[in-house]
Amino acid sequence: MKNNRSGFTLLELLMVVIIIAILAAIALPQYLRVSEKARGAEALSTVGAVRASQLRFRAQDPANLYSPIMADLDIDLQTSTLWSAPAIGTGGPPATGVVTVTRLTGLYSGLNVGISFGTGTLCGNFLPTEPLPDCGGGD
């Protein structure tokens, strides 16, 4: 009498599980790095949009000053669960300033990134691998 067994052996299933685990161990760190870069790009996009709006505001302002109030700007930002609302700092001479956002959640919670209005220079401590100047509030 023939014994027809169909299906996979335990060893074959174990090998498939091990291969999947190895692939996941390789892919997960890369996925996390790419996700973090995307979150950083969101912050840079936000501060860049606020800077562009500040430059438009300054061009129309008779006193040639930046606005310290977000409501004065012609920009409608979406709320983010990852980043704080942009904070405008106008330290130094009145015609200078910087906008910053702070990370609210995750591994980099509390770190910030910003951009100066006049020169477009990035500042902050969000990118530990690429040191940036402190966002002191002026150009």
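In what order do the elements of the protein run from the N terminus on? In this predicted model, the order is α-β-β-β-β, and the legends below move from the whole chain to single residues.

**View 1. The whole protein, with its one helix and four strands.** The secondary structure comes to one helix and four strands, which follow one another from the N terminus as α-β-β-β-β. Of the 139 residues in the protein, 24% are buried, and the accessible surface comes to about 9,300 Å², with 63% of that surface belonging to carbon and sulfur atoms. When contacts between residues at least 6 apart in sequence are considered, 39% of them join residues that are at least 24 apart.

**View 2. The open sheet of four strands.** The strands are arranged in the order E1-E2-E3-E4, and their pairing is antiparallel. Strand E1 (87-89) and strand E4 (122-124) stand at the edges, where each has a single partner strand, so one side of each is left without a neighbour in the sheet. From one strand to the next, the twist averages 30°. As a general point, strands of a sheet pair through backbone hydrogen bonds, and the pairing may be either parallel or antiparallel.

**View 3. Strand E2 and its pairing with E1 and E3.** Strand E2 (residues 98-102) pairs with E1 in the antiparallel sense over three bridges, and within this pairing Ile88 has Val99 as its bridge partner, while Gly89 stands opposite Val98. Five bridges join E2 to E3, and these two strands also run antiparallel; here Thr100 stands opposite Gly114 of E3. E2 is mostly covered, in that four of its five residues are buried.

**View 4. Helix H1 lying across the sheet strands.** Helix H1, made of residues 10-60, lies across E1, E2, strand E3 (112-116) and E4, and the helix runs at about 25° to E3. H1 is also the element that gives the largest share of the largest nonpolar core, namely three residues.

**View 5. The largest nonpolar core and the surroundings of Val101.** This core has 14 residues, of which Trp83, Val99, Val101 and Val113 touch the most other members. At least two residues of the core are supplied by each of H1, E2 and E3. With neighbours within four places in sequence left aside, Val101 is in contact with Ala43, Thr46, Val47, Trp83, Ser84, Ala85, Pro86, Leu111, Asn112 and Val113; two of the residues in that list, Trp83 and Val113, are named with Val101 among the core members that touch the most others.

**View 6. Ser53, a buried residue of helix H1.** Ser53 is found in helix H1 and has a relative accessible area of 1%, which is under the 20% cut-off, so Ser53 counts as buried. The side chains of Ser53 and Asp74 are joined by a polar contact of 2.6 Å. Apart from its neighbours within four places in sequence, Ser53 is in contact with Leu73, Asp74 and Ile75.

**View 7. Ser67, a buried residue in the loop between H1 and E1.** Ser67 lies in the loop between H1 and E1, and its relative accessibility of 1% means that Ser67 counts as buried. A polar atom of the Ser67 side chain lies 2.9 Å from the backbone oxygen of Ile69, and a polar contact of 3.0 Å joins the side chains of Ser67 and Asp72. Not counting residues up to four places away in sequence, Ser67 touches Gln54, Phe57, Asp72, Leu73 and Ile88. Leu73 therefore appears in this view as well as in the preceding one, where it is in contact with Ser53.

**View 8. Gly118 in the loop between E3 and E4.** Is Gly118, which lies in this loop, buried or partly exposed? With a relative accessibility of 37%, Gly118 counts as partly exposed. Gly118 and Tyr66 are 52 residues apart in sequence, and their C-alpha atoms are 9.6 Å apart in space.

Notes. Residues are numbered from 1 along each chain as its sequence is written. This is a predicted model: local features need pLDDT of at least 70, side-chain atom pairs count only at pLDDT 80 or more; totals for chains, interfaces and linings use all residues. Side-chain values use heavy atoms; hydrogens and water are left out. Two strands pair if DSSP finds at least two bridges between them. Axes are lines fitted to C-alpha atoms, for helices over the stretch in contact, and angles run from 0 to 180 degrees between N-to-C directions. Contact means heavy atoms within 4.5 Å. Buried means under 20% relative accessible area, exposed over 50%, partly exposed in between (1.4 Å probe, protein chains only). A polar contact is a pair of N or O atoms within 3.5 Å; within protein, one must be able to donate a hydrogen and the other to accept it, and residues adjacent in sequence count only if both atoms are side-chain atoms. A nonpolar core is a set of buried Ala, Val, Leu, Ile, Met, Phe, Trp, Tyr and Cys residues joined through side-chain atoms within 4.5 Å. Accessible areas come from the Shrake-Rupley method with a 1.4 Å probe; for residues, only the protein chains shown count as cover.
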